[in-house]
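Trainee: I've got this one open and would like to go through it with you. Where do we start?

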Amino acid sequence: GAREGTDAPPVAPVPRGGPLPLSFAQQRIWFLQQLEPGSAAYNMPHPLRLEGALDVPALRRSLDTLAARHETLRTVFAPAGGGAVQTVLPAAPVPLPAVDLGGLTAGDRARETRRLVAAEALRPFDLARGPLMRALLVRTDAEEHALLFTLHHVIADGWSLGILVREVSELYSALAEGREPRLPELPVQYADYAVWQRRWLAGETLERQLAYWRARLADAAPLLELPTDRPRPAVATEAGARVAFELPAELAGALDALSRAEGATLFMTVMAAFQALLGRWSGQDDVLVGTPIAGRTRAETEGLIGMFVNTLVLRTRLDGRPAFRELLARVREATLGAYQHQDVPFERLVEEL
């Protein structure tokens, strides 16, 4: 996304002599985990199916190389002075326990694999001791395995999982074929980014970005009053559901065309429709929606496994009964403004407002 702050210095390596600060995103996740130490809410399960003959020693070596390459995969978080610091541990072999389900019937293998996937996803992590990436290899038969990765959100985000799979695949192929892996050098590590973020997002830079949000979110409605069929509980629960639906290809194509015609992205167009719907249901003409953003605004951080995600607040006013194109123009303006001021950590904004 577009952004202000191109005046920011590049992320550069810092000495590893002692404990290092957490990034703002890590601090948020660490704090939430302290509130519920045994919770698996911030576990990121990523099970993969592997087909064909598997060279297990090559897989083990690929995981070891991956952890040597990305410091986050061997970082632990110790409490310190009311908060936490991160410590990078020396590279060491990554545990890869294996379970062999070869002796079971096909139905039992499928059931047991599903059970293991669920159990791994729910097993809590100890942030102070680590490791914060787990891998479990499940053999279902000679030509089929499941590789169950689980990472804690404090060291990774959705983008990171793509990097993880891509790099393990490349390392494994290279080892199996006896060649050098084709992976780009990592110019910096995550802890370098955490130090950079704290140095850069301070003083005048922080004040300039906060001023934008103070103006943008002044007098915002604190709650969206939706006429739900059940009362909102006093304490939020984990109870909820996920509903999947697909848009017909013709409609998706028409939305694309409308977005292009209005100089907007498909995200902006769908967001405008969502906000119009929330406005109609709630009867409010001031709608705020929180949306995650990748947060990888610097080229140096694109290849890192780490936690970069931030939450942006998109506020759209629906007053004056705007036609949809007019509403889309408002959403576009709000979205571009938010992207340019995306560096303020969401929790800092909450404190401020």
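Mentor: Let's fix the residue classes before anything else: Ala, Val, Leu, Ile, Met, Phe, Trp, Tyr, Cys and Pro count as nonpolar, Asp, Glu, Lys and Arg as charged, and the others, Gly among them, as polar. This is a predicted model, so local features need pLDDT of at least 70 and side-chain atom pairs count only at pLDDT 80 or more, while totals for chains, interfaces and linings use all residues. Residues are numbered from 1 along each chain as its sequence is written, and side-chain values use heavy atoms, with hydrogens and water left out.

Trainee: Good. How many cavities turn up in the whole structure?

Mentor: Two of 30 Å³ or more. On a 1 Å grid over the protein atoms alone, a cavity is a set of points where a 1.4 Å probe fits but cannot get out, a pocket is an open set with protein on both sides within 12 Å along at least five of seven lines, and lining residues have an atom within 4 Å of a point. Points are joined across faces, edges and corners, and a volume is the space filled by probe spheres set on them.

Trainee: What's the volume of the largest cavity, and which residues are closest to its centre?

Mentor: About 200 Å³. Its lining has 23 residues, with Y193, Q197, G295, F308 and D343 closest to the centre. By class, that lining holds 11 nonpolar, seven polar and five charged residues.

Trainee: Which elements do they come from?

Mentor: Helix 1 (24–35) and helix 5 (190–200) are the ones giving two or more residues, and helix 5 has the largest share, with five. Helices (H or I, at least four residues) and strands (E, at least two) are DSSP runs, numbered from the N terminus.

Trainee: And what lines the second largest cavity?

Mentor: P45, H46, P47, V117, E120, A121, L148, F149 and T150 line that space, which has a volume of about 40 Å³. Strand 1 (43–51), helix 3 (106–122) and strand 6 (144–152) each supply at least two of the lining residues. The classes are six nonpolar, two polar and one charged.

Trainee: On to pockets. What's the volume of the largest pocket?

Mentor: About 650 Å³. It is lined by 25 residues, and A221, P222, L223, L224 and L288 are the closest to its centre. The lining divides into 16 nonpolar, four polar and five charged residues.

Trainee: Which element gives the largest share there?

Mentor: Strand 7, with five residues. Strand 7 (286–293), strand 8 (310–317) and helix 10 (346–352) each supply at least two.

Trainee: And where does the second largest pocket get its lining?

Mentor: Helix 8 (266–282) and helix 9 (324–340) each bring at least two residues, with helix 8 giving the most, four. The volume of this second largest pocket is about 310 Å³. Its lining has 14 residues, and A276, R280, L318, R321 and P322 are closest to the centre. They split into seven nonpolar, three polar and four charged.

Trainee: Changing topic: which residues of helix 2 meet helix 4?

Mentor: On the helix 2 side, A58, L59, R61, S62, L63, T65, L66 and R69. Their partners in helix 4 are L164, E167, V168, L171, Y172 and L175. Contact here means heavy atoms within 4.5 Å.

Trainee: How do the classes divide in that contact?

Mentor: The contact of helix 2 with helix 4 has nine nonpolar, two polar and three charged residues.
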